Amino acid sequence: MTQQPEQDTAGQRTEESDAARRRRRAQFLRELNEAKELRDRVQPRRARAARMRQQMRMRTFRW
């Protein structure tokens, strides 16, 4: 059986866990961005090709 996260009647525990989750998510996104930048510096040709593909995707996207 899976356990449901505990919730305090005042909601304090939920707020704390939400804040902790937001901190962890922000940290993860910072590290992900850093890793992408490092990969782009290490493999400039691949990074350029990926940028070109993304630009083409954006040009052909229809609202």
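How much accessible surface does the protein chain have, and what percentage of it belongs to carbon and sulfur atoms? The total comes to about 6,800 Å², with 51% belonging to carbon and sulfur (Shrake-Rupley method, 1.4 Å probe; for residues, only the protein chains shown count as cover). Keep in mind that this is a predicted model, where local features need pLDDT of at least 70, side-chain atom pairs count only at pLDDT 80 or more, and totals for chains, interfaces and linings use all residues. Residues are numbered from 1 along each chain as its sequence is written, and side-chain values use heavy atoms, leaving out hydrogens and water.

The chain has two helices and zero strands (DSSP runs, numbered from the N terminus: H or I of at least four residues for helices, E of at least two for strands). Of its 63 residues, 3% count as buried, meaning under 20% relative accessible area.

Now for helix α1, which spans residues 12-42 and holds Phe28. Phe28 joins Leu29 and Leu32 in a nonpolar surface patch, with about 260 Å² of accessible area together. Patch members have over 30% relative accessible area and no salt bridge (Lys or Arg side-chain nitrogen within 4 Å of an Asp or Glu carboxyl oxygen); nonpolar side chains (Val, Leu, Ile, Met, Phe, Trp, Tyr) are joined within 5 Å, like charges within 9 Å.

Charge shows up too. Arg21, Arg22, Arg23, Arg24 and Arg25 make a positive patch, and Arg22 sits in helix α1. Glu31, Glu34, Glu37 and Asp40 form a negative one. Glu37, also in helix α1, counts as partly exposed because its relative accessibility is 47%, between the 20% and 50% limits.

How values were computed: Lys and Arg count as positive and Asp and Glu as negative; His and the chain ends are not counted. The place of a charge is taken as NZ of Lys, CZ of Arg, CG of Asp or CD of Glu. Buried means under 20% relative accessible area, exposed over 50%, partly exposed in between (1.4 Å probe, protein chains only).
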